[in-house]
Amino acid sequence: MEAHTEPIIVPKPLDPWKILYRVVNYGGLLLLLVWGFLGIEYKGIMQTAPGTIQAMGRAFLRPDTVYLRTWTVDGLPYAVLETIAIAIAGTFASAFLSIPFALLAAQNIVGEKVSKVGKFLVTMIRTFPELILALIFISIVGPGAPAGILALGIHSIGMLGKLFSEAIESMDMGVKEALESCGGSPFEILFRAILPQVSPELTSYTLYRFEINMRAAATLGLVGAGGIGAPLIFAIRTRAWPRAMIIVIVLIVTVTIIDAISGRIRKKLV
Amino acid sequence: MSATAPQQATGAHEPIVVPRPNHLRRNLIILGVTALIVGSAWFAGFNVFQILANFQRGGRLLRRMFLEPDWSFTPRIYSPMIETIRMAIVGTFWGALLALPTAVLAAENFLQKPWISKPLRFILNIFRTIPAMVLASLFVAIFGIGAFSGVMALSVFTFGLISKLTFESIESIDYGQVEALMSLGANKMNILRYAVLPQILPQYMSYTLYGFEVNVRAAAVLGYVGAGGIGQTFEQALAFRRFDRVGVIIMISFFVVLAIDLVSSSIRKRLV
C-alpha cells in the first residue's frame, strides 16, 4: 500500500485568456497601489509628538470633568444636546424630502427612463460632501445649528433616496394595481398603497441614517455648523488635551448609546 | 343566530365596515416622534422664515461660486486633487489589509472564543464612533500638517468600517462547507483557506471598494483640518473669501468623486 495521500484540491486548467485577464487586473491594481504610495510622503513625526502623545494619554486618564458638569450654553451637555438635535432634525427633514426623490428613482413607479434620471440625481446628491454643503449653507444662513440641519437634510437624500427607491421597487404591486383599477388618484395610491407597504423599511433606513448623521453632526461643528465639533476642534487646536479628551469620550459614549437604542428599534421593525 | 334572523327578514344588511381598531398606542408614538422632531428643530434654532429671508443673500454667493467661477484656477487644483486620490488609495489599502485578519478574529463562528471576539468588537465599535475628521485633527497634532496624517486617519477609519462589514459576512457564511472540512479532519488554517475565505472574498473586495468610495469623499474634505489633499486648497480659497475659486474646487472635485463612484459601484455590482 502506498502511504502518500492524494491532494484534495484538483488544480483547474487555466486557459491563456484567463491568465492574461488576471495579469491585467492584479497588475493594474498593483500599479495603482504603487502610484498611490509614491505620492504620500512620510516626513516623520513632529518633534513635539512624544510630548503631545504623553499629554494626550495623561488627559485621557484625567479628562476635564468640570466642563462635563457645566450646565450652561458653554458647557458640554448643551453641545451634546445640540448635536443630537441637529442629527434628529436633519435626518427627519431628509426622510420627508427623500420620498419624492425615491418615487422619481423607482422603476416600477415612473418607468425605466425616468428612473435612470432619478437614480443619477440621487447619486449626484450623495457625492456632494456634507461638509461642503455645510460651508455653503453657513455662508447663506450664517454659522450655527440651522446650517448643519440644512446640510444633513440635503446630503442624506442621497442615501435615503436610493434605499427608499429600492424598497419601493421591491414592494407588492398588486395593491397599487387594485387601487388604480378602482380609479384611485395618484395621491390616494401614494398614501394608501405605496407608503403603508414600505413604511417599516423606510423607518428602519431613516433610523440607520440617523446613526450615521449623529457622527456627521459631530464633525459639522468643525466648520462652524453647530454641535460638539466646534469646541472639539478648538480644544485640539489650542492643545487643551483634557478638554479634547472629555469631548471625545462623551462623543463615543453618546454615539454608542444612540446606536444601541436605534439598533434595537430597527430589529423590532423589520 | 336568533338575534340576526329578524334583521335578515326585514332585508337589512350587516355592516361591511369593520369597526376601527384602537390606534391609541400608534398615535401616541406618532405624537412623541413629532414632538421630538419639532423640539429638536426648535432647540437648534431652526427658523424656516429666517432661512428663506437669508436665501436672497445666499443667492448672490451661489451665483459667484457656480456661474462666475475663476476657471483659470483649474491647473492649480490638479496636484492636490491627485494627492487626494492617492491618500484614499493608500488609506484604503492599509485599512483593508488590517481588516481581514481582524474580521476573522472578531467573527464569533470561526474561532468560537468569546474572550477574543467580544473585546475586539468593542474596540472596533469605538473606532467607528470617532469621525474621520476628528481622527485627522488628532493625527495632525502628531504627524504634522500634510497628507500622511490624512492617510493615517483614513486607514483607522476604513479599518473599523471594513472589519465590521467583513466579520458580519463571515458570521453569515454557509456553515456546511466548514463542517464538511471539519469532518475530514482539517485544521483551522485549512478551514479558513478553503471554506471561509472563498465565501467572503467577493464581499470583502466589494467592501474594500465601498471603503475606497467613502475614503475619496472623506479625503476631499480632510484637508480642512490640515490633513492634505484638495481640502487644504479649499480652505485657503475660503479663508481669502475667493468664492469664485471655491466654486471651481467644488465642481471639479465633485465630478472626480462622481466618476470614481460610478466606476467603483459598477465593479461592485459585478463582484457580488
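Start with the largest cavity, which holds about 50 Å³ of space. Bear in mind as you click around that this is a predicted model. The structure has four cavities of 30 Å³ or more, and this stop deals with the largest one.

To see its walls, select A:Thr127, A:Phe128, A:Pro129 and A:Ile132, then add B:Ala220, B:Ile250, B:Ser253, B:Phe254 and B:Val257; together they line the largest cavity. Which helix gives the most to that lining? Colour helix H11 of chain B, residues 243-271: with four residues, H11 is the top contributor. Now colour the lining by class, and you get seven nonpolar residues, two polar ones and no charged ones.

**Out to the surface of chain A**

Next, show the surface and pick A:Val253, A:Ile257, A:Ile261, A:Ile265, A:Leu269 and A:Val270. These make a nonpolar surface patch of about 530 Å². If you want an anchor for the view, centre on A:Ile261, which sits in helix H12 of chain A, residues 241-269.

**Salt bridges**

Time to switch to sticks. Side chains of opposite charge can pair when their charged atoms come close. Over all chains, there are 15 salt bridges in the structure, and three of the pairs are worth a visit here.

Select A:Lys162 and A:Glu166. They form a salt bridge, with 3.5 Å between the closest N and O atoms. Why are these two about one helical turn apart? Because they are four residues apart in helix H8 of chain A, which covers residues 145-169. Check the exposure too: A:Lys162 is partly exposed at 36% relative accessible area, and A:Glu166 is also partly exposed, with 34%.

Now go to A:Glu180 and A:Lys176, another salt bridge, whose closest N and O atoms are 3.4 Å apart. Here the helix is H9 of chain A, residues 173-181, and the two residues are four apart in it, so about one helical turn separates them. Is A:Lys176 buried or exposed? At 10% relative accessibility, A:Lys176 counts as buried, since the cut-off for buried is under 20%. A:Glu180, on the other hand, is partly exposed, with a relative accessible area of 38%.

Keep A:Lys176 selected and add A:Pro186. A C-alpha to C-alpha distance label will read 9.9 Å for this pair, which is 10 residues apart in sequence. A:Pro186 belongs to helix H10 of chain A, residues 186-220, and A:Pro186 is exposed, with a relative accessible area of 64%.

**Over to chain B**

Select B:Glu171 and B:Arg121 for a salt bridge with its closest N and O atoms 2.1 Å apart. What does this pair tie together? B:Glu171 lies in helix H7 (residues 147-171) of chain B and B:Arg121 in helix H5 (residues 114-129) of chain B, so the salt bridge links parts that are 50 residues apart in sequence. As for exposure, B:Glu171 is partly exposed at 30% relative accessibility, while B:Arg121 is buried at 18%.

For the last stop, pick B:Asp70, B:Arg242, B:Asp244 and B:Arg245. Salt bridges with shared partners join these four residues into one network. Show their side chains together and trace the links from one residue to another.

Conventions: Residues numbered from 1 in each chain as written. Chains lettered and ligands numbered in written order. Predicted model: local features only at pLDDT ≥ 70, side-chain atom pairs only at ≥ 80, totals over all residues. Heavy atoms only, no water. 1 Å grid on protein atoms, 1.4 Å probe; cavity = no way out; pocket = protein on both sides within 12 Å on 5 of 7 lines; lining within 4 Å. Points joined across faces, edges and corners; volume = space filled by probe spheres on them. Nonpolar A, V, L, I, M, F, W, Y, C, P; charged D, E, K, R; others polar. Patch = residues over 30% accessible without salt bridge, like charges linked within 9 Å, V, L, I, M, F, W, Y side chains within 5 Å. Areas by Shrake-Rupley, 256 points an atom, 1.4 Å probe, with all protein chains shown as cover. Salt bridge = Lys/Arg side-chain N within 4 Å of Asp/Glu carboxyl O. Buried < 20%, exposed > 50% of the residue type's maximum accessible area, 1.4 Å probe, protein only.
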